[in-house]
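Dear colleague,

Please find the structure below, handed over for your examination. A summary of the findings follows it.

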Amino acid sequence: MNKKWKVGITVLVGLTVLSGGLLFFVFAKVGAFFDETYEPIQVPDVKKENEKTTDDTIHILLMGVDERPHDKGRPDVMMVVEIDPKSDSTKVVSLPRDTKVSIPGRDESTKLNHTYTYGGTSLTVQTVQQLLDVKIDYYAKVNMNGFEEVIKEVGELTIDNELDFSFDGYHFAKGELTLSPDEALAYVRMRKQDPMGDEGRNERQRKVIKASVDKLLNQKDYGKILELLDTVSPYLQWNIQEKNLKELYTNYSHAMKQMESSELPGEGKLAEDGLWYFIAEDPEEIFEDAESETNS
(Lines give C-alpha, C1' and ligand atoms only; values in the text may rest on other atoms or scores of the structure.)
Protein backbone atom coordinates (compact mmCIF):
# COMPACT_ATOMS: atom_id res chain seq x y z
CA MET A 1 0.00 0.00 0.00
CA ASN A 2 1.24 3.47 -0.87
CA LYS A 3 2.92 5.14 2.12
CA LYS A 4 0.79 8.27 1.75
CA TRP A 5 -2.37 6.16 1.89
CA LYS A 6 -1.12 4.41 5.05
CA VAL A 7 -0.46 7.75 6.70
CA GLY A 8 -3.86 9.07 5.58
CA ILE A 9 -5.75 6.03 6.89
CA THR A 10 -3.83 6.16 10.19
CA VAL A 11 -4.75 9.82 10.64
CA LEU A 12 -8.39 9.14 9.69
CA VAL A 13 -8.65 6.27 12.19
CA GLY A 14 -7.03 8.42 14.85
CA LEU A 15 -9.47 11.26 14.24
CA THR A 16 -12.42 8.85 14.28
CA VAL A 17 -11.36 7.40 17.64
CA LEU A 18 -10.69 10.88 19.01
CA SER A 19 -14.06 12.16 17.78
CA GLY A 20 -15.83 9.17 19.28
CA GLY A 21 -14.11 9.76 22.60
CA LEU A 22 -14.94 13.45 22.46
CA LEU A 23 -18.61 12.77 21.68
CA PHE A 24 -18.80 10.25 24.53
CA PHE A 25 -17.26 12.85 26.86
CA VAL A 26 -19.75 15.52 25.71
CA PHE A 27 -22.77 13.24 26.09
CA ALA A 28 -21.56 12.04 29.51
CA LYS A 29 -21.00 15.64 30.62
CA VAL A 30 -24.45 16.74 29.47
CA GLY A 31 -26.11 13.69 31.03
CA ALA A 32 -24.40 14.29 34.36
CA PHE A 33 -25.49 17.94 34.26
CA PHE A 34 -29.18 17.01 34.00
CA ASP A 35 -28.81 14.29 36.65
CA GLU A 36 -27.41 16.87 39.06
CA THR A 37 -29.85 19.71 38.35
CA TYR A 38 -33.20 18.02 37.60
CA GLU A 39 -35.68 18.49 40.46
CA PRO A 40 -39.34 17.78 39.61
CA ILE A 41 -42.12 19.31 41.71
CA GLN A 42 -45.73 18.40 42.37
CA VAL A 43 -48.10 21.17 41.31
CA PRO A 44 -51.86 20.74 40.72
CA ASP A 45 -52.92 21.10 37.09
CA VAL A 46 -54.27 24.51 36.19
CA LYS A 47 -57.69 24.38 34.53
CA LYS A 48 -59.11 27.72 33.48
CA GLU A 49 -61.94 28.84 31.24
CA ASN A 50 -59.65 31.35 29.56
CA GLU A 51 -56.75 28.92 29.14
CA LYS A 52 -54.99 29.30 25.80
CA THR A 53 -56.18 26.88 23.13
CA THR A 54 -52.64 26.37 21.86
CA ASP A 55 -49.85 24.48 23.57
CA ASP A 56 -47.24 26.58 21.81
CA THR A 57 -46.88 29.37 24.37
CA ILE A 58 -44.98 28.39 27.51
CA HIS A 59 -44.29 30.09 30.83
CA ILE A 60 -41.14 29.68 32.90
CA LEU A 61 -40.64 30.95 36.46
CA LEU A 62 -37.09 32.10 37.16
CA MET A 63 -36.02 32.49 40.78
CA GLY A 64 -32.80 33.83 42.25
CA VAL A 65 -32.65 32.58 45.83
CA ASP A 66 -30.22 33.85 48.47
CA GLU A 67 -29.50 30.51 50.15
CA ARG A 68 -26.89 30.01 52.83
CA PRO A 69 -25.84 27.00 54.93
CA HIS A 70 -28.64 26.01 57.36
CA ASP A 71 -30.88 28.74 55.89
CA LYS A 72 -33.56 27.93 53.32
CA GLY A 73 -33.52 31.53 52.15
CA ARG A 74 -36.03 33.48 50.09
CA PRO A 75 -36.13 34.48 46.43
CA ASP A 76 -34.69 37.96 45.88
CA VAL A 77 -35.39 37.84 42.15
CA MET A 78 -38.50 36.40 40.48
CA MET A 79 -39.41 36.65 36.83
CA VAL A 80 -41.93 34.90 34.61
CA VAL A 81 -40.88 34.35 31.01
CA GLU A 82 -43.56 33.89 28.36
CA ILE A 83 -42.20 32.46 25.09
CA ASP A 84 -44.63 32.63 22.17
CA PRO A 85 -43.30 31.16 18.90
CA LYS A 86 -46.45 32.23 17.05
CA SER A 87 -45.72 35.92 17.62
CA ASP A 88 -41.99 35.08 17.54
CA SER A 89 -41.45 36.98 20.78
CA THR A 90 -40.59 36.58 24.44
CA LYS A 91 -41.92 38.63 27.34
CA VAL A 92 -40.12 38.79 30.69
CA VAL A 93 -42.14 40.12 33.63
CA SER A 94 -40.44 40.86 36.95
CA LEU A 95 -42.45 40.09 40.07
CA PRO A 96 -41.58 42.31 43.07
CA ARG A 97 -40.69 40.10 46.02
CA ASP A 98 -42.99 42.17 48.30
CA THR A 99 -46.06 41.52 46.11
CA LYS A 100 -49.07 40.79 48.33
CA VAL A 101 -50.50 37.37 47.46
CA SER A 102 -53.01 34.87 48.76
CA ILE A 103 -51.48 31.54 49.72
CA PRO A 104 -53.14 28.68 47.80
CA GLY A 105 -55.08 26.43 50.17
CA ARG A 106 -54.86 28.88 53.06
CA ASP A 107 -57.06 31.75 54.17
CA GLU A 108 -54.21 34.22 54.56
CA SER A 109 -52.03 36.62 52.62
CA THR A 110 -48.29 37.20 52.64
CA LYS A 111 -45.44 38.56 50.57
CA LEU A 112 -44.64 36.57 47.44
CA ASN A 113 -41.13 35.61 48.47
CA HIS A 114 -42.42 34.31 51.83
CA THR A 115 -44.25 31.49 50.05
CA TYR A 116 -40.87 29.88 49.40
CA THR A 117 -40.22 29.76 53.14
CA TYR A 118 -43.65 28.21 53.76
CA GLY A 119 -43.70 25.63 51.00
CA GLY A 120 -40.58 25.77 48.86
CA THR A 121 -40.59 25.87 45.07
CA SER A 122 -43.89 24.01 44.70
CA LEU A 123 -45.91 26.51 46.74
CA THR A 124 -44.19 29.44 45.04
CA VAL A 125 -45.09 28.07 41.61
CA GLN A 126 -48.71 27.53 42.71
CA THR A 127 -48.87 31.08 44.09
CA VAL A 128 -47.51 32.61 40.88
CA GLN A 129 -49.96 30.57 38.80
CA GLN A 130 -52.82 31.85 40.95
CA LEU A 131 -51.55 35.44 40.84
CA LEU A 132 -51.06 35.65 37.07
CA ASP A 133 -53.71 33.12 36.01
CA VAL A 134 -51.27 31.20 33.81
CA LYS A 135 -49.82 27.71 33.88
CA ILE A 136 -46.14 27.62 34.82
CA ASP A 137 -44.66 24.93 32.57
CA TYR A 138 -41.14 25.04 33.95
CA TYR A 139 -39.21 26.63 36.79
CA ALA A 140 -35.51 27.34 37.24
CA LYS A 141 -34.05 28.21 40.64
CA VAL A 142 -30.53 29.61 40.88
CA ASN A 143 -28.62 30.30 44.06
CA MET A 144 -27.53 33.94 43.76
CA ASN A 145 -23.92 32.87 44.28
CA GLY A 146 -24.42 30.84 41.12
CA PHE A 147 -25.65 33.92 39.26
CA GLU A 148 -22.32 35.57 39.99
CA GLU A 149 -20.38 32.55 38.75
CA VAL A 150 -22.43 32.36 35.55
CA ILE A 151 -21.84 36.04 34.76
CA LYS A 152 -18.12 35.54 35.29
CA GLU A 153 -18.17 32.55 32.93
CA VAL A 154 -20.22 34.29 30.22
CA GLY A 155 -17.73 37.16 30.01
CA GLU A 156 -18.23 40.68 28.68
CA LEU A 157 -21.80 41.84 28.07
CA THR A 158 -23.12 44.78 26.06
CA ILE A 159 -26.15 46.61 27.43
CA ASP A 160 -27.97 49.92 26.90
CA ASN A 161 -27.77 51.86 30.17
CA GLU A 162 -30.45 54.47 30.96
CA LEU A 163 -29.19 55.75 34.34
CA ASP A 164 -25.89 57.52 35.04
CA PHE A 165 -24.49 56.30 38.38
CA SER A 166 -21.40 55.09 40.21
CA PHE A 167 -21.26 52.02 42.45
CA ASP A 168 -18.60 49.72 43.93
CA GLY A 169 -15.84 51.80 42.35
CA TYR A 170 -17.32 51.70 38.84
CA HIS A 171 -18.99 54.48 36.86
CA PHE A 172 -21.86 53.64 34.50
CA ALA A 173 -22.54 56.38 31.96
CA LYS A 174 -25.73 56.55 29.93
CA GLY A 175 -25.68 54.78 26.58
CA GLU A 176 -24.28 51.54 25.26
CA LEU A 177 -21.81 49.93 27.65
CA THR A 178 -19.62 46.86 27.43
CA LEU A 179 -19.36 45.46 30.95
CA SER A 180 -16.78 43.10 32.38
CA PRO A 181 -18.20 40.38 34.67
CA ASP A 182 -17.28 42.40 37.80
CA GLU A 183 -18.87 45.53 36.33
CA ALA A 184 -22.03 43.59 35.39
CA LEU A 185 -22.40 42.32 38.94
CA ALA A 186 -22.01 45.83 40.37
CA TYR A 187 -24.47 47.10 37.76
CA VAL A 188 -27.25 44.78 38.95
CA ARG A 189 -26.53 45.16 42.69
CA MET A 190 -27.11 48.91 42.99
CA ARG A 191 -30.53 49.85 44.36
CA LYS A 192 -30.47 52.84 46.73
CA GLN A 193 -29.28 55.37 44.13
CA ASP A 194 -31.96 54.34 41.66
CA PRO A 195 -35.01 56.65 41.82
CA MET A 196 -37.13 53.64 40.86
CA GLY A 197 -35.77 51.48 43.72
CA ASP A 198 -36.35 47.75 43.31
CA GLU A 199 -38.10 48.33 39.99
CA GLY A 200 -35.01 50.02 38.58
CA ARG A 201 -32.75 47.25 39.83
CA ASN A 202 -35.07 44.64 38.34
CA GLU A 203 -34.88 46.41 34.99
CA ARG A 204 -31.07 46.30 35.11
CA GLN A 205 -31.18 42.62 36.05
CA ARG A 206 -33.38 41.94 33.03
CA LYS A 207 -30.93 43.78 30.77
CA VAL A 208 -28.03 41.65 32.00
CA ILE A 209 -30.03 38.42 31.74
CA LYS A 210 -31.13 39.29 28.19
CA ALA A 211 -27.57 40.12 27.16
CA SER A 212 -26.40 36.80 28.67
CA VAL A 213 -29.12 34.84 26.83
CA ASP A 214 -28.28 36.56 23.54
CA LYS A 215 -24.62 35.72 23.96
CA LEU A 216 -25.28 32.09 24.89
CA LEU A 217 -27.70 31.57 21.99
CA ASN A 218 -24.94 32.71 19.61
CA GLN A 219 -22.23 30.68 21.34
CA LYS A 220 -20.38 28.38 18.91
CA ASP A 221 -17.59 27.34 21.26
CA TYR A 222 -18.86 24.02 22.66
CA GLY A 223 -15.92 23.79 25.03
CA LYS A 224 -17.10 27.07 26.57
CA ILE A 225 -20.63 25.66 26.86
CA LEU A 226 -19.32 22.59 28.69
CA GLU A 227 -17.36 24.84 31.06
CA LEU A 228 -20.57 26.74 31.74
CA LEU A 229 -22.40 23.50 32.59
CA ASP A 230 -19.75 22.70 35.20
CA THR A 231 -20.07 26.21 36.64
CA VAL A 232 -23.87 26.26 36.82
CA SER A 233 -24.74 22.75 38.01
CA PRO A 234 -23.94 23.21 41.76
CA TYR A 235 -26.22 26.24 41.91
CA LEU A 236 -29.15 25.26 39.67
CA GLN A 237 -32.36 23.31 40.21
CA TRP A 238 -35.11 23.01 37.59
CA ASN A 239 -37.75 20.64 36.26
CA ILE A 240 -36.27 20.65 32.77
CA GLN A 241 -34.85 17.45 31.33
CA GLU A 242 -32.53 17.09 28.37
CA LYS A 243 -35.40 16.37 25.98
CA ASN A 244 -37.24 19.51 27.20
CA LEU A 245 -34.20 21.68 26.64
CA LYS A 246 -33.74 20.30 23.12
CA GLU A 247 -37.39 21.11 22.39
CA LEU A 248 -37.00 24.62 23.80
CA TYR A 249 -33.89 25.24 21.74
CA THR A 250 -35.38 23.81 18.55
CA ASN A 251 -38.80 25.45 18.74
CA TYR A 252 -38.29 28.54 20.88
CA SER A 253 -34.74 29.88 20.53
CA HIS A 254 -35.67 32.19 17.66
CA ALA A 255 -38.53 33.71 19.68
CA MET A 256 -36.14 34.26 22.58
CA LYS A 257 -34.09 36.65 20.45
CA GLN A 258 -37.04 39.07 20.37
CA MET A 259 -37.27 39.83 24.09
CA GLU A 260 -39.42 42.48 25.79
CA SER A 261 -39.21 43.12 29.51
CA SER A 262 -41.56 44.80 31.97
CA GLU A 263 -42.50 45.03 35.63
CA LEU A 264 -45.73 43.79 37.19
CA PRO A 265 -47.91 46.94 37.37
CA GLY A 266 -48.94 48.24 40.80
CA GLU A 267 -47.68 50.32 43.71
CA GLY A 268 -46.24 49.95 47.19
CA LYS A 269 -48.45 50.54 50.22
CA LEU A 270 -48.28 50.25 53.99
CA ALA A 271 -50.93 47.71 55.03
CA GLU A 272 -52.98 47.50 58.22
CA ASP A 273 -50.65 44.83 59.61
CA GLY A 274 -47.84 47.41 59.54
CA LEU A 275 -45.97 45.71 56.69
CA TRP A 276 -45.03 47.22 53.35
CA TYR A 277 -46.52 45.41 50.35
CA PHE A 278 -46.50 45.82 46.61
CA ILE A 279 -50.14 45.76 45.49
CA ALA A 280 -50.34 44.40 41.95
CA GLU A 281 -52.84 45.95 39.54
CA ASP A 282 -54.78 43.37 37.49
CA PRO A 283 -51.87 40.88 37.50
CA GLU A 284 -53.91 38.27 35.63
CA GLU A 285 -53.97 40.57 32.58
CA ILE A 286 -50.23 41.08 32.21
CA PHE A 287 -49.85 38.32 29.61
CA GLU A 288 -53.36 38.56 28.16
CA ASP A 289 -52.67 42.15 27.07
CA ALA A 290 -49.59 41.04 25.15
CA GLU A 291 -51.55 38.29 23.44
CA SER A 292 -54.38 40.62 22.41
CA GLU A 293 -51.86 43.10 20.95
CA THR A 294 -50.32 40.27 18.92
CA ASN A 295 -53.70 39.18 17.57
CA SER A 296 -54.96 42.72 16.83
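Among contacts in the protein between residues at least 6 apart in sequence, what percentage join residues at least 24 apart? The proportion is 62%, where a contact means heavy atoms within 4.5 Å.

This is a predicted model, in which local features need pLDDT of at least 70 and side-chain atom pairs count only at pLDDT 80 or more, while totals for chains, interfaces and linings use all residues. Residues are numbered from 1 along each chain as its sequence is written, and side-chain values use heavy atoms, with hydrogens and water left out.

Overall architecture: the protein has 8 helices and 14 strands (DSSP runs, H or I of at least four residues for helices and E of at least two for strands, numbered from the N terminus). Of its 296 residues, 41% are buried (under 20% relative accessible area, with a 1.4 Å probe and protein chains only).

Confidence: the mean pLDDT (the predictor's confidence in each residue, from 0 to 100) is 80, and 79% of the residues reach 70 or more. Among the elements, strand E9 (residues 170-172) has the highest mean, 96, and helix H1 (residues 3-37) the lowest, 54. Over residues 4-26 the pLDDT is below 50, and this stretch has 4 contacts in the model beyond near neighbours in sequence.

One residue in detail: His114 belongs to helix H2 (residues 114-132) and is buried, at a relative accessible area of 16%. Its side chain makes a polar contact with the side chain of Arg74 at 3.0 Å (a pair of N or O atoms within 3.5 Å, one able to donate a hydrogen and the other to accept it; residues adjacent in sequence count only if both atoms are side-chain atoms).

Yours faithfully

Conventions
Buried < 20%, exposed > 50% of the residue type's maximum accessible area, 1.4 Å probe, protein only.
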